[in-house]
Amino acid sequence: MTELRSAQWYSGGDRDSYIHRAWMRRGLPASALGGRPQIAIANTASDLTPCNSHLDEVATSVKQGVWEAGGTPLNLPVLSLGETQVRPTAMLWRNLAAMATEEMLRANPIDGVVLLGGCDKTIPALLMAAASVDLPAVVVPGGPMLTGHFRGAPLGCGTDVWRLSEEVRAGTLSREDFLTSESSMIRSKGHCNTMGTASTMACVAEALGMTIPGIAGTPAPDSRLLEKAHEAGRLAVDLIRQERRPSTVMTRSSFLNAIVVLAAIGGSTNAVVHLLAIAGRLGVELTLDDFDRTGSGVPLLVDLQPSGRHLMDDLHRAGGLLAVLREVRDLLSPEAMTVTGRPLVDHLDDARIWDEAVIRPRTAPLLPDAGIAVLRGNLAPDGAVIKPAAASPDLLRHRGRAVVFESIEDLHARLDSPDLDVDETCVLVLRGCGPKGYPGMPEVGNMPLPAKVLAKGVRDMVRISDARMSGTAYGTVVLHTAPEAAAGGPLALVRTGDMIVLDVPARRLDLEVPEEELLTRRGSEASAAAYASPSSGWERLYVDHVQQANRGADLDFLVGRRGDQVARESH
C-alpha cells in the first residue's frame, strides 16, 4: 500500500498537521490518526428521507467493522433525497447530491468510503460521486421494508397505491377503504418493497460489483443487513490496502452485467438514466443501444410487482439476487470484478432457488424477453424507452389518435373532463416534463387514465412523454423521449388528433405527419424558454447544463473522473 492520502493532513510535526490532529482527537488515541486508513461513511440518513431513516443504525455496524480491520471510521452526513417528500422531484437534485458528496470526499482527509443509500436517487448519486473522485468505495444498500397486509392481502408500496387510486377513480373502491389501507402500507423501516427504483439500484450496484455479493435485497429490519454492514466496514479498509478503486471495478463489462440483471429482475426504467450517468463519470462508453442489444433476449425470472405478484422479502427468502444471477450466468461477463477482488460469477456457485414461484428457473421464465426496449423514429430520434414486462401485450403494437397535454398541470385540469375527446384507442401525450422542461424530469410518465376510460373497465392505454415513471409503476408507457420538447424535440410538434404508431417489436415510435407539415409546425413553434426559465439558483444552473435523458441527464460539466487530489494546501 502506498502512503495513505490522509497522511497529507495528519503526518508531520508542523503547525498544520498539529491543528488537523488536535481538532480530530477529542478523546481518540494518537494512533487513530497516524497510519490508520480513514474511512468516511457517506450517510444519507434523514428523517425527511423515511426510506433511509434507519441508516444511522447501519452506520454503527460499519464503524465496528472499520475499527476491527484497523481503520478509523468517520460519519459523513451527505445530501439526502426523499423520493416521496421533496418537490418538485428528487431527480432535480440527484446531480447536486453527487457533486456535493464528491467534493466533500475530495476535500476531507479520507482514504476510502462506505456508501449508505436506499431511496431511489441516493445510491445513484453516491455511485456518481464515488466514480468521479475514484477513492476506494463500497456500497451498503439500506434494504426494502417488510410486506404490509390489508384485509389479508399483501400491499406493494407504490404499485398498489397506483392500482388502488385508479380503482377509487373508477368507482370500484370507496375512498374510505382506500384511506384505511394507508396505515398498512408501510410496515417497517426500509424502502419500497416492490422492484421499484430503490430495489433495482441496490441490485444494479451489486451487478456492477460495488457491494458485497449477496447483500442486495436484504430487508432493512433483517439482522443480516447489520452483519453485512460490519463486513463492508472491514472490506473498506482492505480496499485501501489493495488500492482497489471504483474505476477498476466498474468497467464496461460490469455495466453490461448490470443491463442483464436489469432485465432478469424486471427492474425500473430509471436505472437507464442512472447507469448512463455513472458510466459518464467513469469515462466508460455506454449508450442506449447497449441496453437494447445486451438486454434483448434476457428472460424475466423474478415474479415481483410491478411486473409480477410477489415482493422484495419474498425475493430474499427465495434465494435473493445471487440465485437469479446463477440462472443467467452464461450471459454475464466472467471478467467483471467486484469489490471483493473476485469476479462476480465466482460468487454464484452456492446460490440456489428455494421458491420457484418467486424466482423462476431459466427453463420456465415469466417472460422469455424482458429487456428494456429502446425505441427510435421521427418522434424519438435520440431514443425513448419502454418496459415491455410491465406493459399490456396487446398494446405493444398500436396505432392511435394523440391526445396532447402541454404540462402535468394541464393533464390534471382536463383529464377527467366530460368534454375530453378520448377513448381507450387514443395515445396520451404529455410534454414539458423532461430534464429542462419541468425542470428535473419528474416521475409523471405513468399518467392516470381518463375517468371516462376507467368507467369502461379499461386499465391501460399507450402513454408517451419526455418524463420518467416510478419504478413501482406499470403500464404501456413510453418514457425519456429524446430530445425532450423543451430542447426542441419532435414531441413539441405533436397535435391532438395526429396519428401515432408504436411498434415495440420493431423498436419504432413514429408520428404519422408529413415532413413538410412538421417543418411548418417547427417554424411556428414557441420558444423552448416557454417550458422552464428559472432566473437564479440551482434550477438555473441545472437547466443551463443538464444533458438529455439518452445521456443520463447529468450536468455537462460533471461528466468525467476528476480524482481525489486537492489542488491547494489547506490554510
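Which residues of helix α20 are buried? In this predicted model, the helix spans residues 537-545, and its buried residues are W538, Y542 and V543. Looking down the axis of α20, these buried residues fall within an arc of 130 degrees, so they line one face of the helix. That spacing fits the usual geometry: an α-helix has 3.6 residues a turn, so residues three or four places apart point the same way. As for the partner, the buried residues of α20 pack against α4.

Helix α4 has another neighbour to consider. The axes of α4 (residues 94-107) and α13 (residues 270-282) come within 13 Å and cross at roughly 30 degrees. The crossing of α4 past α13 is right-handed. On the α4 side, the contact is made by R94, N95, A98 and E102, while α13 puts in V273, H274, A277 and R281. By character, the residues of this contact split into 3 nonpolar, 2 polar and 3 charged. Helix α4 thus turns up in two packing arrangements, taking the buried residues of α20 as well as the contact with α13.

Turning to the loops, the stretch between α14 (288-295) and α15 (312-317) holds H310. With a relative accessible area of 19%, H310 is buried, because the cut-off for that label is under 20%. Its side chain reaches the backbone oxygen of A357 at 3.4 Å. A357 also appears among the residues that H310 touches, and D303, L304, Q305 and V358 complete that set once residues up to four places away in sequence are left aside. Q305 has a further point of interest, as the peptide bond from Q305 to P306 is cis, with omega near 10 degrees. P306 sits in the loop between α14 and α15, and H310 is found in that loop too.

A second cis peptide bond runs from Y438 to P439, this one with omega near -5 degrees. Here the proline, P439, is found in the loop between β10 (427-430) and α18 (451-454).

Backbone phi angles pick out two further loop residues. H480 has a positive phi of about 60 degrees although it is not a glycine, and R507 likewise shows a positive phi of about 60 degrees without being a glycine. H480 lies between β12 (477-478) and β13 (499-503), whereas R507 is found in the loop between β13 and β14 (508-511). How accessible is H480? At 4% relative accessibility, H480 counts as buried. R507, by contrast, comes out at 22% and counts as partly exposed.

Among the strand residues, G148 belongs to β5 (residues 148-150). G148 is buried, with a relative accessible area of 3%. Its surroundings include A153, P154 and L155, together with S184, R187 and N193, again not counting residues up to four places away in sequence. Along the chain, G148 and S188 are 40 residues apart, and their C-alpha atoms are 8.3 Å apart in space.

Where does G35 lie? G35 is in the loop between α2 (15-25) and β1 (38-43). G35 is exposed, with a relative accessible area of 63%, whereas G148 is buried.

Two longer spans take H310 as a common end. The C-alpha atoms of H310 and S470 are separated by 18 Å, with their positions 160 residues apart along the chain. For G35 and H310, the separation is 275 residues in sequence and 49 Å in space, C-alpha to C-alpha. That pair joins an exposed loop residue, G35, to a buried one, H310.

Conventions: Residues numbered from 1 in each chain as written. Predicted model: local features only at pLDDT ≥ 70, side-chain atom pairs only at ≥ 80, totals over all residues. Heavy atoms only, no water. Axes fitted to C-alpha atoms, helices over the stretch in contact; angles between N-to-C directions. Helix = DSSP H or I, 4+ residues; strand = E, 2+ residues; numbered from the N terminus. Left-handed = near helix turned anticlockwise from the far one by under 90°. Contact = heavy atoms within 4.5 Å. Nonpolar A, V, L, I, M, F, W, Y, C, P; charged D, E, K, R; others polar. Buried < 20%, exposed > 50% of the residue type's maximum accessible area, 1.4 Å probe, protein only. Arc of directions from axis to C-beta. Polar contact = N/O pair within 3.5 Å; in protein donor to acceptor, adjacent residues only side chain to side chain.
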